[in-house]
Amino acid sequence: MKDTSIHIVLRRVLSICDDANAHAFLKQALHISDDAAAPYAEAQELLPPTSLTESPCDFWLSNVDDWKSAFENLEEGMEGGLSFSLVILSMGTDSWDLVHENIERIWELDDTIRCIVCVTGETESWPANLLLSRSDQWAIFRAPGLPEELFQLALCLSGTHMTFAQGVEESLIVSDPNDDRIGAATDSIAHDPVDQEAELASARDALATSKVYVNNVLHSMADSLLVIDANLTIGSVNPSLLSLLGYQEDDLLGQSPGLIFGEEFAQGAILENLLMQGTVSGIESSFLTCDGRLIPISVSGSMMRDEEGQFQGLVCVAQDITERKRMEEEKLQLHEQLMDASRQLGMAEVASDVLHNIGNVLNSINVSIGVVADLIKNSMVGDVGRISQLFTKHRDDLGAYFSTSPKGKQIPAYLEKLSGQLVEEQRTAIAELERLRENAHHAQQCVASQQDLAKVKGITEPVSVIELMEEAVAANQEFLKTSQITVIREFHEIPLLIVDKRQVLEVMVDVIRNACQAMASVSMKQLVVRAKLIPGPPDSVCLEIQDSGSGIALDDLVKIFGQGNTTKEGVRSMSLHNAANMAKNLGGALRAHSEGLGHGATFSLELPGSFHFPDM
């Protein structure tokens with residue numbers, strides 16, 4: 001009679017580990033002796049392919065330090081008839097992408113191999129994508145853990161190497177417990193009661209192993225797991241949830257979920273969504289701890305159904321978002337602080353700008369006042385009184401006095417000279433008073449300008465862009481003439497533009513004035529005033545001021561429009577900062593371009609092409 005019994009051989013395990021402590025833990029978990037941890041060459045001598053063992057739980061361990069050695073061992077094992085059934089990865093320096101790639105390579109080499117990825121508690125980031133091509137041939141073990149858990153996990157995944165003695169080909173040695181050849185071989189011996197009892201015991205072991213594996217997965221979860229039974233009571237929880245809420249497992253099993261979800265769950269916010277939609281994701285709620293504290297959480301869950309589609313319960317996974325909520329609150333407070341600081345900075349900016357502009361006006365006023373004061377102080381008007389006294393003294397003989405007295409003879413010529421001097425003093429005084437009036441009016445405009453700047457929109461009207469540019473040049477005419485700056489005009493034909501004329505004019509006046517100041521230290525002073533249409537869509541208009549001044553350093557281009565920044569020594573470019581703000585109010589943008597110091601600069605005001613066509 002042929003012997004058709006099935007014999008169990010050792011399960012070969014390949015450990016890819018560069019940490020001595022992790023390797024020692026693995027030997028302890030798998031009950032590996034020093035003899036059973038020999039390299040491949042010694043394994044061939046100690047354990048030929050036909051040798052047998054009576055224990056179904058024996059492992060033979062080989063350890064390597066890197067992936068290159070690992071694939072060499074795998075290939076040698078296949079060629080020598082001692083294939084590995086399990087690969088355990090515990091190299092802490094590998095990235096997940098490298099682990100993912102090499103596990104797929106292992107399966108290309110031998111698609112029956114199972115893999116365990118050991119992830120340490122110090123791992124900084126969890127893999128974003130845990131998908132592999134063979135989802136049933138790998139698992140994650142969170143280290144450090146219990147050696148018994150790793151042993152059961154390895155036992156479950158490694159399968160059972162089987163061989164058949166008399167009458168059975170040696171090629172039927174397999175490592176996959178789902179292989180059809182095992183079923184065919186066992187069918188031929190199913191009539192043996194001893195074999196039937198062995199199969200039943202093996203099935204019990206497999207079931208127990210699976211249960212241990214599932215429990216290990218649940219215990220290793222970092223997030224809180226809650227299973228609600230069909231009768232809507234708590235059926236299962238994991239240690240993470242118990243640790244978070246401070247309960248014992250017996251305190252929760254069989255209780256209503258409202259015990260830990262509070263009123264929110266009782267009111268149906270989560271339960272109703274689960275029952276109606278079948279699944280929920282990222283719903284923000286809160287857990288109620290045993291001491292009454294509320295912990296903010298993000299809940300995801302789904303409904304469980306049996307093979308017939310009947311409701312079996314709900315599975316909920318909750319993530320503690322206390323830290324996220326704290327960061328959001330800090331972010332909100334920081335935003336409010338920044339807004340408050342921005343408002344204060346804006347008020348300080350307006351006040352500083354007003355003071356700056358009015359200060360310039362007051363300097364001009366003081367100069368005019370000084371001129372008038374000196375003019376009056378040195379005036380010859382006092383001589384008129386002295387001559388009047390001489391006339392009174394010689395009232396009876398004025399004719400003789402003018403004709404015979406040396407002093408009297410000089411009076412007519414002196415009166416003529418005095419008249420001319422007094423006329424010149426009058427002209428100078430009138431000019432300075434006119435300048436005082438203009439400067440006072442300019443001060444009023446500065447204040448009005450800052451008041452209008454706070455308005456988002458002004459009054460829009462159809463405007464001729466060319467006429468507007470001419471007005472901006474005329475407003476700086478005295479500066480241009482005094483500095484002997486040549487103005488070149490390059491105007492394209494542009495339709496009437498609907499815009500707030502006052503704001504555009506103020507921007508261009510400030511830009512031209514800054515361009516004139518930038519040319520104070522150069523010999524060739526040339527200003528190009530340009531207006532052109534940029535076809536769209538959307539259409540836009542570009543107003544450019546190009547100067548031949550000192551230029552702008554490349555590092556200063558990004559901050560030229562900032563508050564108080566300048567590229568000109570002794571001059572603060574507050575007007576450019578305000579001009580940029582006005583450009584934003586107009587729906588456009590003010591930009592600066594320069595090739596560097598000594599190469600001049602170009603300022604461009606781009607405005608939306610909102611045109612007005614009178615004939616349409």
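Helices (H or I, at least four residues) and strands (E, at least two) are taken here as DSSP runs, numbered from the N terminus. Two strands count as a pair if DSSP finds at least two bridges between them. The model is a predicted one, where local features need pLDDT of at least 70, side-chain atom pairs count only at pLDDT 80 or more, and totals for chains, interfaces and linings use all residues. Residues are numbered from 1 along each chain as its sequence is written, and side-chain values use heavy atoms, with hydrogens and water left out.

A good place to start is strand 10 (residues 279–288), which pairs with strand 11 (residues 294–305) in the antiparallel sense over 8 bridges. Across this pairing, Phe287 sits opposite Ile295 of strand 11. The hairpin these strands make has 5 residues between them, and Gly292 there takes a positive phi near 90 degrees.

Strand 11 also pairs with strand 12 (residues 311–320), antiparallel and over 9 bridges. Here Met304 faces Gly313 in strand 12. This hairpin has 5 residues between its strands, and Gly309 in the turn shows a positive phi of about 85 degrees.

From strand 12 the trail leads on to strand 8, with 6 bridges joining the two in an antiparallel run. Ile228 has Leu314 of strand 12 as its bridge partner. Strand 8 (residues 224–229) is mostly covered, with 5 of its 6 residues buried (under 20% relative accessible area, against over 50% for exposed and in between for partly exposed, using a 1.4 Å probe and protein chains only).

Strand 8 pairs with strand 9 (residues 234–237) too, antiparallel over 3 bridges, and Val227 is partnered by Ser236. In their hairpin, with 4 residues between the strands, Leu232 in the turn has a positive phi of about 60 degrees.
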